Amino acid sequence: MNRRYKREFYLDDVLQVAPALLGQHLVRQQPDGTRSVYTITETEAYRGEDDLACHASRGRTRRTEVMFREGGLLYIYFIYGMYWMMNVVTGATGTPQAVLIRGLREASGPGRLTRLIGMDGSYYGEDLVTSSRIWIEPAGNTPPFKAGPRVGIDYAGDPWKEKPWRFLVTDEG
DNA sequence: AACACGATTTCG
DNA sequence: GAAATCGTGTTT
């Protein structure tokens, strides 16, 4: 049975969606129907053109274009010459926001988890609401978590580098 | 056309 | 502490 989140869930503000994703299930489905389920344990919010840590703050480019679209799409990008980063676009059309998936119970670290679940540039713009190969399902209530500064974005300066927009499950409940 | 650098990971 | 490694955005 497919209990995936519908569009409405992703249209909320990124500061609502990022923590709400903690503890929920990321589902991958192979062409033969085989499914793998992973539990989200760490997320980070990137919020709008004002947020200097958010790629959308440099404007609408070929890479960031999908963030300006409706919530529920995937924003995938390549960094450091070797890692794919996976983000879930949130908010209504015209409000560029995204949630970086930083950790799964099965693999900690944004670069590691994309390698584990086979995520790459071919998923850029994939719609979690309609895709047959990846989506997210609610798994229950949000587990206990803590918030802290985002990682690797000191270049953004104040006040952005201080925003407690990194969300981390504290207990494997 | 050339250049600088990054929402990271790994190794020493 | 530093290398690995290349797409993207910016400058020439």
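Which backbone nitrogen does the side chain of Q24 reach at 2.6 Å? Keep that for the last stop.

**Before you start**

This is a predicted model: local features need pLDDT of at least 70, side-chain atom pairs count only at pLDDT 80 or more, and totals for chains, interfaces and linings use all residues. Residues are numbered from 1 along each chain as its sequence is written, chains are lettered from A and ligands numbered from 1 in the order in which they are written, and side-chain values use heavy atoms, with hydrogens and water left out.

**Stop 1: DNA strand B**

Select DNA strand B and the residues near it (a heavy atom within 4 Å). There are 22 residues around the strand, and H55, Y83, N87, R112 and Y155 come nearest. On the DNA side, sugar and phosphate make up 57% of the strand B atoms within 4 Å of the protein.

Now look for polar contacts (pairs of N or O atoms within 3.5 Å; within protein, one must be able to donate a hydrogen and the other to accept it, and residues adjacent in sequence count only if both atoms are side-chain atoms). Pick H55: a polar side-chain atom sits 2.5 Å from a phosphate oxygen of DNA strand B. Go to R102, where a side-chain N or O atom is 3.1 Å from a phosphate oxygen of DNA strand B. Colour β3 (74–79), β4 (83–89), β5 (97–104) and α3 (110–117), the elements that give two or more residues to this surface. Helices (H or I, at least four residues) and strands (E, at least two) are DSSP runs, numbered from the N terminus. α3 gives the most, with 4 residues.

**Stop 2: DNA strand C**

Switch to DNA strand C. T61, R63, F78, Y80, G81 and M82 surround it. Sugar or phosphate supplies 67% of the strand C atoms within 4 Å of the protein; the rest belong to bases. Zoom in on T61: a side-chain N or O atom is 2.3 Å from a phosphate oxygen of DNA strand C.

Next, select Y80. Its backbone has an N or O atom 2.4 Å from a base oxygen of DNA strand C. A polar backbone atom of Y80 is also 3.4 Å from a base nitrogen of DNA strand B.

**Stop 3: Q24**

Finally, select Q24, in the loop between α2 (14–20) and β1 (25–29). Q24 counts as buried because its relative accessibility is 1%; buried means under 20% relative accessible area, exposed over 50%, partly exposed in between (1.4 Å probe, protein chains only). The opening question ends here: the Q24 side chain reaches the backbone nitrogen of A139 at 2.6 Å. Beyond four places in sequence, Q24 has contacts (heavy atoms within 4.5 Å) that include Y5, Y38, P138, A139 and T142.
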